[in-house]
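Colleague: I'd like a close look at one part of this model. Please tell me about any pocket in it, and what sits around that spot.

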Amino acid sequence: MKYAWRIVDLILGGIFVYAGVIKALDSVQFANDIDNYKTLPWFVSVRLAFYLPWVEIFCGLAVIFRFLYRGGLSILTVLVAIFIGATVVSKLRGLDITCG
């Protein structure tokens, strides 16, 4: 069972590292994607677009290498919860959000 959880850690961390790298390479598009939710001012969207990918990358690496594991996993859990909440709110407001 220990090896199964390790495989899950590697997959989960790899997904977030990959997603963070893709977002970091095109920060302007990511800022537009954040702005499409219409919940934050533009300047906040731009700052998030530059910092959030690096948070995802570092937290993904923390999960992969088991260094500060619980902190990385906690931050990733909060990020996913915020994303789900923002998606639900945008759907309730009638916004058609496509990401990725």
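Modeller: Here is the pocket, followed by the helices and charged pairs around it.

A word on the ground rules: this is a predicted model, with local features needing pLDDT of at least 70 and side-chain atom pairs counted only at pLDDT 80 or more, while totals for chains, interfaces and linings use all residues. Residues are numbered from 1 along each chain as its sequence is written, and side-chain values use heavy atoms, with hydrogens and water left out.

The largest pocket holds about 780 Å³ of space. A pocket here is an open set of points on a 1 Å grid over the protein atoms alone, where a 1.4 Å probe fits and protein lies on both sides within 12 Å along at least five of seven lines; lining residues have an atom within 4 Å of a point. The points are joined across faces, edges and corners, and the volume is the space filled by probe spheres set on them.

There are 23 lining residues, and K23, F30, I34, L52 and F83 lie nearest the centre. Four helices, α1 (2-25), α2 (27-35), α3 (42-65) and α4 (69-92), each put at least two residues into the lining. Helices are DSSP runs (H or I, at least four residues), numbered from the N terminus. By class, the lining comes out as 16 nonpolar, three polar and four charged residues. Ala, Val, Leu, Ile, Met, Phe, Trp, Tyr, Cys and Pro count as nonpolar, Asp, Glu, Lys and Arg as charged, and the others, Gly among them, as polar.

Some of those central names turn up again in the largest nonpolar core, which has five residues: F30, A31, I34, A49 and L52. Such a core is a set of buried Ala, Val, Leu, Ile, Met, Phe, Trp, Tyr and Cys residues joined through side-chain atoms within 4.5 Å. Helices α2 and α3 each supply at least two of its residues, with α2 giving the most, three. In soluble globular proteins, nonpolar side chains tend to be buried together.

Stay with α2 for a moment. Its buried residues are S27, F30, A31, D33, I34 and D35, where buried means under 20% relative accessible area, exposed over 50% and partly exposed in between (1.4 Å probe, protein chains only). They pack against α1 and α3. Leaving aside residues up to four places away in sequence, I34 touches L40, S45, L48 and A49, a contact being heavy atoms within 4.5 Å.

Now K23, the charged residue among those nearest the pocket centre. K23 pairs with E56 in a salt bridge, the closest N and O atoms being 2.9 Å apart. Since E56 lies in α3 and K23 in α1, the pair ties together parts that are 33 residues apart in sequence. E56 is buried at 7% relative accessibility, whereas K23 is partly exposed at 23%. A salt bridge means a side-chain nitrogen of Lys or Arg within 4 Å of a carboxyl oxygen of Asp or Glu.

The structure has three salt bridges. In one of them, D35 meets K38 at 3.7 Å, N to O; D35 is buried at 19%, and K38 is partly exposed at 48%. Another joins D9 to R66, with 2.7 Å between the closest N and O atoms. D9 sits in α1 and R66 in the loop between α3 and α4, 57 residues apart. D9 is buried at 4%, while R66 is partly exposed at 45%.
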